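Reader: I am new to this structure, and I would like to be taken through it with some care. Please show it to me before I begin to ask.

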Amino acid sequence: MYAGGDAVALSNVQGTVYAIANRCTHARASLSEGTVDPARCTVTCPWHEGVFSLETGQVLGGPPSLPVVAYRVKLEGDTVLIAPPHPPRPG
């Protein structure tokens, strides 16, 4: 999915939809192809196993050192609306 020209990965975790930038900040792998851990609300990069928070975009496990952008999400029926991103906070 794209929002304003940016690739975005959507994840549904226990009924809550999260949106983060789709490219890992380490080696640009597609995070939408990563593994979501619903218990931790994280996604693991499929290439080098960097772990990102779906809520904030923060790096929770290396090798990435920079967070990804986390977007605000609103659901209207079956439509997913993505608001401008929260600015990433340094780890």
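Author: What follows is a set of questions and answers on the fold, the core and some single residues.
The model is a predicted one, in which local features need pLDDT of at least 70, side-chain atom pairs count only at pLDDT 80 or more, and totals for chains, interfaces and linings use all residues. Residues are numbered from 1 along each chain as its sequence is written, and side-chain values use heavy atoms, with hydrogens and water left out.

Reader: How many helices and how many strands does the protein have?
Author: Helices (H or I, at least four residues) and strands (E, at least two) are taken as DSSP runs and numbered from the N terminus. Read from that end, the elements run β-β-β-β-β-β-β-β-β. The count is therefore 0 helices and 9 strands.

Reader: What is the radius of gyration of the protein, and what does the globule rule give for 91 residues?
Author: The radius is taken over C-alpha atoms, and the rule is 2.2 Å times the number of residues to the power 0.38. The protein is as compact as a globular protein of that length, because its radius of gyration is close to the value from the rule, with 12 Å for the one and 12 Å for the other.

Reader: Which strand supplies the largest share of the largest nonpolar core?
Author: A nonpolar core is a set of buried Ala, Val, Leu, Ile, Met, Phe, Trp, Tyr and Cys residues joined through side-chain atoms within 4.5 Å, where buried means under 20% relative accessible area, exposed over 50%, and partly exposed in between (1.4 Å probe, protein chains only). The largest such core has 15 residues, and Ile-20, Cys-24, Leu-31, Phe-52, Leu-54 and Val-68 are those with the most contacts inside it. Strand E2 (6–13) and strand E3 (16–21) each supply at least two of its residues. The largest share, 3 residues, comes from E3.

Reader: Is Ile-20 buried or exposed, and what is its relative accessible area?
Author: Ile-20 has its place in strand E3. Leaving aside neighbours within four places in sequence, Ile-20 is in contact (heavy atoms within 4.5 Å) with residues including Val-8, Leu-31, Leu-54 and Val-68. Ile-20 counts as buried, and its relative accessible area is 1%.

Reader: Which residue is joined to Asn-22 by a polar contact between side chains?
Author: Asn-22 is found in the loop between E3 and strand E4 (35–37), and with a relative accessible area of 8% Asn-22 is buried. A polar contact is a pair of N or O atoms within 3.5 Å; within protein, one must be able to donate a hydrogen and the other to accept it, and residues adjacent in sequence count only if both atoms are side-chain atoms. At 3.1 Å, the side chain of Asn-22 is joined in this way to that of Ser-30.

Reader: Which residue forms a salt bridge with Glu-76?
Author: A salt bridge is a side-chain nitrogen of Lys or Arg within 4 Å of a carboxyl oxygen of Asp or Glu, and a search of the whole structure finds 1. Glu-76 counts as partly exposed, at 44% relative accessibility. With the closest N and O atoms 3.5 Å apart, the partner of Glu-76 is Lys-74.

Reader: What is the phi of Arg-28 near?
Author: Arg-28 has its place in the loop between E3 and E4, and with a relative accessible area of 55% Arg-28 is exposed. Its phi is positive, in a residue other than glycine, and is near 70°.
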